[in-house]
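This report introduces a protein structure to a reader who has not met it before. Please view the sequence and the structure together before reading on.

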Amino acid sequence: MPGFVSVKTPPDTPSLRISVPDTPPVSNHRTPSPLTNKQPSPSSSRSTNGKKKLQPESPTATQCPPDSSLDNPDLGPFLLKLARDTIASGDGPNKALDYAIRASKSFERCAVDGEPSLDLAMSLHVLAAIYCSLGRFEEAVPVLEQAIQVPDIGRGTDHALAAFSGHMQLGDTYSMVGQIERSIGCYEEGLKIQIEALGETDPRVGETCRYLSEAHVQAMQFDRAEELCKKTLEIHHAHSEPASLEEAADRRLMALICEAKGDYEQALEHLVLASMAMVANGQDSEVAAIDVSIGNIYMSLARFDEAVFSYQKALTVFKASKGDNHPLVASVFIRLADLYHRTGKLRESRSYCENAMRIYSKPVPGTSPEEIAGGLTGVSAIYESVGEAEEALKLLQKAMKMLEDKPGQQSTIAGIEARMGVMFYMVGRYEDARIAFESAISKLRATGERKSAFFGVVLNQMGLACVQLFKIDEAVELFEEARGILEQECGNCHQDTIGVYSNLAATYDAMGRVDDAIEILESVLKLREEKLGIANPDFEDEKRRLAALLKEAGRTRNRKAKSLENLIDPNSRKTKKETTKKWSSLGFRI
């Protein structure tokens, strides 16, 4: 079977290195890191269901030989070999691109009518991989869309796996440009094809399930992620030795999913089992990384002494194996800084922050911008929590600048901008907050995350900023969109959803839509009385607001809406402390 090429070479790599194996790779062992930078998929390819054909000729096509020479059936394999040799020698991607384009054209011309050519599919995969290595992702997409149409799945396993590789490679390409939903759609289609070709229990299917589970975690779709990860564990349990590296990787991912869903005890159990497997396989650095995760769980459970012990164990190993100035050491410093801040030991917290910043200010060779940006974001969260908003903002701006030219980082940048918006809002810089939220929302829409709960919360926050700027019509539109998303993703009993209900009621009241405001508040009170309980301090406030609206319903309203005053932060009428207390349940959590 012809080989297919791996896809992810950063666009700024000085010399191109792309591996073109003789058979499609189906398994890459990875340590799960689904919330940061994803690694290449289990196959070296990806896809969607587009109908586009190969894009118009690029400038390199002018170097193609005369049309008649492309009809030579020996030319395609020769040019593809030249492309591979050029890649291997590091002569430069542009020459390899020229050879790959010409090879694809030759294979296309020499294909027998009605007979799908796997050589053509292979050359298109190579061509798309080179485009990706050059950062030309938009040009890679139609090439892969054509490649997916070439194999005939009904002709056997070779064709099915070629189609699988194409879908997976296209999914990676969409992921690199931040199109998460499209990416996941391609992965799901690829998994379906792979299962039909190999069966549900093949180890290669397990690798794909785990990779797809990581993608769902990145998209915060934890139920589907858990389903896929359980399937991966079952497959590896059937085919691997007990306490295998594959099982350890699966359990680390499952622990991450359980932690995200708030099931800390289950997460801790998976991490302990993963650690035991890594110890059995002599993977000391991986054991240390798991110790950090265990420390995070202990901190979530307020078991601070055990968390410190886990962090210090990891710190000792990282310093011994990586050096005192490695970013992994800095990452543990940040966790310790957060822990000591939570326990009121502010001097120790600041000391660890400064130690982390010392490492990030002079990173060791090989440290990626993504690592540094993630560290700066972590330190900024601690500065924010101690009231040093300006310093926190500087760190976030620096992190965002480091990521802005990196492919696949649009969602991360949107998250940073949303955090900046929250900080601007808290210090009363409402116009800056609105601009930051607007930019974040624009990026999230572009990356296909417009249906996530995170997106709904950011819409709500931007609505609050608009209220402070008296842009009431815009605020209503944002609150209404947020309501629809959060009802779908979280349910109507979730605190974020109820917060949007309350904001929307206040804004409707401000616009004179009293009946709509009354309807929403009655619904909220009913939810609290029947399902959530009335102990929440917001219950009495909502009850008073509803009583006031009912009393004045039908009258001419010649005053500013009372409900809106609960949202606006007037220095003259309310203290900041009162406003914060009243609306703290609506705060944005990142």
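The text below treats annotated repeats, a pair of helices and a single residue of this predicted model.

**Annotated repeats**

An unreviewed UniProt entry carries the annotation "repeat: TPR" for residues 288-321, 373-406 and 498-531. Two of these spans are described in the table.

| Span | Helix | Strand | Distance between end C-alpha atoms |
|---|---|---|---|
| residues 288-321 | 91% | 0% | 10 Å |
| residues 373-406 | 82% | 0% | 11 Å |

**A pair of helices**

Two packed helices are described by the angle between their axes and the distance between the axes. Helix α8 spans residues 222-239 and helix α9 spans residues 245-260; their axes come within 10 Å and cross at roughly 160°. Angles over 145 degrees count as roughly antiparallel, and α8 and α9 are therefore roughly antiparallel to each other. Their crossing is left-handed.

On the α8 side, the contact is made by Phe222, Ala225, Glu226, Cys229, Lys230, Thr232, Leu233 and His236. These residues meet Glu246, Glu247, Asp250, Arg251, Leu253, Met254, Ile257 and Ala260 of α9. Sorted by class, the contact of α8 with α9 comprises eight nonpolar, two polar and six charged residues.

**Tyrosine 430**

Tyr430 belongs to helix α18, which covers residues 430-446. Is this residue buried or exposed? Tyr430 counts as buried because its relative accessibility is 13%, and buried means under 20%. Along the chain, Tyr430 and Leu464 are 34 residues apart, while their C-alpha atoms are separated by 9.0 Å.

Methods. Residues are numbered from 1 along each chain as its sequence is written. This is a predicted model: local features need pLDDT of at least 70, side-chain atom pairs count only at pLDDT 80 or more; totals for chains, interfaces and linings use all residues. Side-chain values use heavy atoms; hydrogens and water are left out. UniProt positions are given in the numbering used here, feature names are shortened, and annotations may be inferred rather than shown by experiment. Helices (H or I, at least four residues) and strands (E, at least two) are DSSP runs, numbered from the N terminus. Axes are lines fitted to C-alpha atoms, for helices over the stretch in contact, and angles run from 0 to 180 degrees between N-to-C directions. Angles under 35 degrees count as roughly parallel, over 145 as roughly antiparallel, 65 to 115 as roughly perpendicular and the rest as oblique. A crossing is left-handed if the near helix is turned anticlockwise from the far one by less than a right angle, and right-handed if clockwise. Contact means heavy atoms within 4.5 Å. Ala, Val, Leu, Ile, Met, Phe, Trp, Tyr, Cys and Pro count as nonpolar, Asp, Glu, Lys and Arg as charged, and the others, Gly among them, as polar. Buried means under 20% relative accessible area, exposed over 50%, partly exposed in between (1.4 Å probe, protein chains only).
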